[in-house]
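Here is a short tour of a two-chain model, written for reading alongside the structure. Keep the viewer open and follow along.

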Amino acid sequence: MLQELFVILICAGIIVSGLLAVTLRGVTAAMVSSGLASLFAAVSYVLLAAPDVAMAEAAIGAGLSTLVFLHAIRRTSAGRED
Amino acid sequence: MTRVWAAIVVFLFGAVFAGLAVGYSERTAPSELAMRYLEQVPADLGAANVVTGILITYRGFDTLGEVAVLFMVAASVGMLLSGGRGGSTSPAAVTARPARPPSELVVNGAQVVLPIAFLFGAYVIVNGHLSAGGGFQGGAVVASGVVLLVLGRPSVVLDHGFLSVTESLAGVLYVTLGILGLFFAGGFLDSHILPRGTFGAFVSAGAIPLISALLGIKVAAELSVIIDRFRN
């Protein structure tokens, strides 16, 4: 029961952070939010007993792509406004 | 009119997926195929991690295809983005402003996290046959470390020649191991060319750790080159 509640919370976290990534005005905040969605997804994969997939999701979705976005924001004018 | 069509399409999709949602019942036992793999991978290959055993031996050819796709991406990114390097007359070089220096937090954070990230990546790569992970995941972890390095120290220069040679060498060795499997074992990329060893030991599971290490080196080098190309 407690674990099911946890899974539901994690899934809600994916949806909320995904929506925030689309709706937030600040680019940096939106980028962090999309990384958070990947992190929640990785946690849900661990709960579903798929640690290999979770590791790839955490490394590529939450790590690599977030850092690449961070770099892009710093290099363009978007990072200078806020 | 468009809205009506959109509503019909949405309704059709809903009807398709409603069947999935209504008829869903959770499995209490793994399917027949999954059971077969769960029994066969530890017994036949000697790998404690079933997923890596499947990826590297039973589906080795598909993994080679994935790496080939990544290689083609790296090659095309290189072709597209290296054009601006020849002269300083390219528009990118003229309009590029000096980027903001990285914040104190990123610089110090990178110094603390980087060794751990690289070590963890190496651990994931070489322990692919025992614990969760393998070449692909470990390579991605190492590549995230490289991005952090580039973010924390913008002055750092990656040696593309060295990375390319390493990556090509790993690829050639990977295919060579696969061809050796044709002669000494059951087929292309069969991991039985090396003895199975004791189950759960670091040196065990035939050629799986070797192939996993080559995969990790190749993936990490390719991703690093792609990232560095975007930087310039």
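## Chain B and its partner

Chain B has 9 helices and 0 strands; helices here are DSSP runs of H or I of at least four residues, strands are runs of E of at least two, and both are numbered from the N terminus. Read from the N terminus, the order of elements is α-α-α-α-α-α-α-α-α. The radius of gyration of chain B is 23 Å, well over the 17 Å that the globule rule gives for 232 residues, so chain B is more spread out than a compact globule. That radius is taken over C-alpha atoms, and the rule is 2.2 Å times the number of residues to the power 0.38. The C-alpha trace of chain B spans about 65 × 60 × 35 Å along its principal axes.

A word on reading the model: it is predicted, local features need pLDDT of at least 70, side-chain atom pairs count only at pLDDT 80 or more, and totals for chains, interfaces and linings use all residues. Residues are numbered from 1 along each chain as its sequence is written, while chains are lettered from A and ligands numbered from 1 in the order in which they are written.

How confident is the predictor? For the complex it gives an ipTM of 0.72 and a pTM of 0.75. Chain B averages a pLDDT of 80, with 91% of the residues at 70 or above; pLDDT is the predictor's confidence in each residue, from 0 to 100. Helix α1 (residues 2-22) of chain B has the highest confidence in that chain, at 88, and helix α5 (residues 91-95) the lowest, at a mean of 46. Over residues 86-95 of chain B, pLDDT stays under 50. Where pLDDT is low, the predicted coordinates should not be read in detail.

The UniProt record, an unreviewed entry, annotates residues 67-84, 105-126, 132-151, 171-189 and 201-221 of chain B as "transmembrane region". Its positions follow the numbering used here, feature names are shortened, and annotations may be inferred rather than shown by experiment. Two of these stretches look like this in the model:

| Residues of chain B | Helix | Strand | End C-alpha atoms apart |
|---|---|---|---|
| 105-126 | 100% | 0% | 31 Å |
| 171-189 | 74% | 0% | 13 Å |

Now to the interface, where 17 residues of chain B are in contact with 14 residues of chain A, contact being C-beta atoms, placed from the backbone, within 7 Å. Helix α7 (residues 135-152) supplies the largest share of the chain B side, 9 residues.

Helix α7 of chain B also holds G145(B). With 26 other C-beta atoms within 10 Å, G145(B) is buried; the cut-offs are 20 or more for buried, 12 or fewer for exposed, and partly exposed in between, with C-beta atoms placed from the backbone. Not counting residues up to four places away in sequence, G145(B) touches L114(B), A117(B), F118(B) and G121(B). G145(B) and F118(B) are 27 residues apart in sequence, yet 6.4 Å apart from C-alpha to C-alpha.

Finally, which residues touch the most other members of the largest nonpolar core? Among its 55 residues they are A59(A), A140(B), A143(B), V147(B), I211(B) and L214(B). Such a core is a set of buried Ala, Val, Leu, Ile, Met, Phe, Trp, Tyr and Cys residues joined through C-beta atoms within 7 Å. Helix α9 (residues 208-231) of chain B brings the largest share of this core, 13 residues. Leaving aside neighbours within four places in sequence, L214(B) is in contact with A170(B), L173(B) and Y174(B).

Note on methods: Contact = placed C-beta atoms within 7 Å.
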